[in-house]
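Open the model in your viewer and keep the selection tool at hand. The stops below say what to select and what is there.

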Amino acid sequence: ERLDPRFNVIVKVTGRLTVTNIDKCLPPFDGRFVTCKMTPDLTFSDSRIFAGDRQSVNYLADCIIEKSNDEDVRYFEHELAAGALHLISHGVAFRSFRRLPSIRGISGTSGQSYGRGWQVPARLTYDGVRRFVHWRNLSL
């Protein structure tokens with residue numbers, strides 16, 4: 001496995017950003033889980049911050065590396081969302097952020113400064129995942 005085996009939980013934060021309330025927004029760390037914020041239709045995940053147990057994050061990294069293709073409009077964020085849904089459909093727990101992450105720093109895409117947290121409430125991600133789980137006849 002590529003990720004350091006000394007750590008059971010991996011939190012990925014984009015390099016130019018700081019999450020000022022990281023200790024207040026992350027869920028409890030136990031067992032297999034994935035934490036990310038997705039659009040309400042569950043097709044796109046915000047890649048600035050996501051977390052999970054080491055095995056789950058390794059799987060997400062493999063999905064992103066193997067399947068992302070900008071020329072085919074299959075971006076990192078699409079594969080992150082698809083990988084998270086795959087994990088959830090195979091019994092990995094989905095955990096919402098306890099609070100919205102408060103992000104500070106510079107966007108690598110636009111160069112603009114981030115001055116506040118996310119605009120879409122994390123609750124929408126949880127509600128979307130809950131519908132996905134119900135549709136797939138799974139349990140959270």
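Is F33 buried or exposed at its relative accessibility? Select F33 to begin: this is a predicted model, and in it F33 has 0% relative accessibility, so F33 counts as buried. The cut-off for buried is under 20% relative accessible area.

Keep F33 selected and add F29. The structure holds one aromatic pair. The rings of F29 and F33 form this pair, with centres 6.0 Å apart and planes at 20°, so the pair is stacked. Planes under 30 degrees apart count as stacked. F29 has a relative accessibility of 45% and therefore counts as partly exposed, whereas F33 is buried.

Next, select strand 3, residues 33–35, together with strand 4, residues 49–53. The two strands run antiparallel and are joined by two bridges. To see one position in this pairing, pick T35, which stands opposite A51 in strand 4.

Stay on strand 4 and add strand 1, residues 9–13. Strand 1 and strand 4 also run antiparallel, and five bridges join them. Here V9 has D53 of strand 4 as its bridge partner. How many of the five residues of strand 4 are buried? Five of the five are, so strand 4 is largely enclosed by the rest of the structure.

Now go to the loop between strand 3 and strand 4 and select F44, which has its place there. F44 is partly exposed, at a relative accessible area of 33%. Add V73 and Y75 to the selection: with F44, these residues make a nonpolar surface patch of about 250 Å². Showing the surface of F44, V73 and Y75 brings up the patch.

For the last stop, clear the selection and choose strands 2, 6 and 7. These three strands form an open sheet in the order 2-6-7, with antiparallel pairing. Which strands stand at the edges? Strand 2 (17–19) and strand 7 (113–114) do; each has a single partner strand, so one side of each is left without a neighbour in the sheet.

Finish on the pairing of strand 2 with strand 6, residues 103–106. This pairing is antiparallel and has three bridges. Select T18 and then R104 to see one position in it: R104, in strand 6, is the bridge partner of T18.

Methods. Residues numbered from 1 in each chain as written. Predicted model: local features only at pLDDT ≥ 70, side-chain atom pairs only at ≥ 80, totals over all residues. Heavy atoms only, no water. Patch = residues over 30% accessible without salt bridge, like charges linked within 9 Å, V, L, I, M, F, W, Y side chains within 5 Å. Areas by Shrake-Rupley, 256 points an atom, 1.4 Å probe, with all protein chains shown as cover. Salt bridge = Lys/Arg side-chain N within 4 Å of Asp/Glu carboxyl O. Helix = DSSP H or I, 4+ residues; strand = E, 2+ residues; numbered from the N terminus. Buried < 20%, exposed > 50% of the residue type's maximum accessible area, 1.4 Å probe, protein only. Phe/Tyr/Trp six-rings, centres within 6.5 Å; stacked < 30°, edge-to-face > 60°. Pairing = 2+ DSSP bridges.
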